[in-house]
Amino acid sequence: MLVWSERFETKIELVDTQHQRLCALLNKLCACFDSGVPSEETVAEALQELLEYSQQHFTDEEEMMKNHNLDSHYIAIHHMEHNSFIYDLSRLQLHISADEDEVQTAEKLVRFITSWLVYHILGVDQLMAAQIRDIEEGMTPEQAYEANQTISRDVGTTQLILNAVLDLWRGTAEHCRVLEEKLCSLNQGADSR
Ligand SMILES: [Fe+2]
C-alpha cells in the first residue's frame, strides 16, 4: 500500500495527477489480497490495468521531456528506467500464473511496484520537474541538466529513497539466489545421469 503525500508532488499538474492514479491502481492491486488469496483473474486484471496505465504515463512524460527540450542524456536515462520497469513488471506478470505460491509472488510484486514508484518519483521524476522549471525560467537544457545533477532533499525523503533502493536490491538478490538454486539442482540432475 502506498500512501500519497506532498513529498511525491512534482508541481506539474499532469504528472502529479497521473502519479496519484498509479498509486490508486497499486492500492487496488494490494486490495485484491485483503481477504485471502484472490482469483488469478482478479490479480491479472488489476496488474494489466496498472501496466497499461504505466505505459501511457511514461509516454506522456517522455513527450513532455522532449517538448521542453530536456538534455538528451537525461532523457535517455529516464527512458531506460521506464523501460526496465515495464520489462520487470511483464516478467513478474508471467510468474503470477506459473508460481505455486501465489501469496508469496503477490507480496514480491506489490513490494517491487511500491519501492520502484517511490524510488522513481522521488528520484528522476523530481529531477525532471526541476529541469523543466529551470528551462522555463531561462536556462538552456544543458545548464538545467548540470544544475540538477543532484537536488537537496529532507532527511525523511532521503530515508524513503534509501529504503526503496534497499528493498529493490533485496528483491534482486533473492531472485539471484532462486536462480542459483535452480541452476545447482539442474547441474546435480545432469551429474547423476
Ligand atoms: Fe518517470
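A residue is called buried when its relative accessible area is under 20%, exposed when over 50%, and partly exposed in between (1.4 Å probe, protein chains only). Cys 30 is buried, because its relative accessible area is 13%.

This is a predicted model: local features need pLDDT of at least 70, side-chain atom pairs count only at pLDDT 80 or more, and totals for chains, interfaces and linings use all residues. Residues are numbered from 1 along each chain as its sequence is written, and side-chain values use heavy atoms, leaving out hydrogens and water.

Stay with the cysteines. Cys 32 also counts as buried, because its relative accessibility is 14%. A disulfide is a pair of cysteine sulfur atoms within 2.5 Å. The structure holds 0 disulfides. For Cys 30, the nearest cysteine sulfur belongs to Cys 32 and lies 8.6 Å away.

Now follow the helices. Helices (H or I, at least four residues) and strands (E, at least two) are DSSP runs, numbered from the N terminus. The expected span of a helix is 1.5 Å times one less than its number of residues. Helix α1 has 19 residues, so it should span 27 Å; its end C-alpha atoms are 27 Å apart, which agrees. Helix α2 (residues 40-67) has 28 residues, so it should span 40 Å, and its end C-alpha atoms are indeed 40 Å apart. Just after α2, Asn 69 takes a positive phi of about 60°.

Many side chains of α1 are buried, among them Leu 22, Leu 26 and Leu 29. Where does Leu 29 belong? It sits in the largest nonpolar core, which has 31 residues. A nonpolar core is a set of buried Ala, Val, Leu, Ile, Met, Phe, Trp, Tyr and Cys residues joined through side-chain atoms within 4.5 Å. Leu 29, Phe 85, Leu 89, Phe 112, Ile 113 and Leu 117 touch the most other members. Helices α1, α2, α3, α4 and α6 each supply at least two residues of this core. The largest share, 9 residues, comes from α4. A second, separate core of 15 residues includes Met 64 and Ala 129.

Last comes the metal. Which residues hold the iron ion's protein donors? They are Glu 61 (OE), His 78 (NE2), His 82 (NE2), His 120 (NE2) and Asp 125 (OD), lying 2.0 to 2.3 Å from the ion. Donors are N, O and S atoms within 2.8 Å of the metal (3.2 Å for Na, K and Ca); water is not among the atoms, so sites may look incomplete. The donor residues are spaced E-x16-H-x3-H-x37-H-x4-D in sequence. Both His 120 and Asp 125 are buried.
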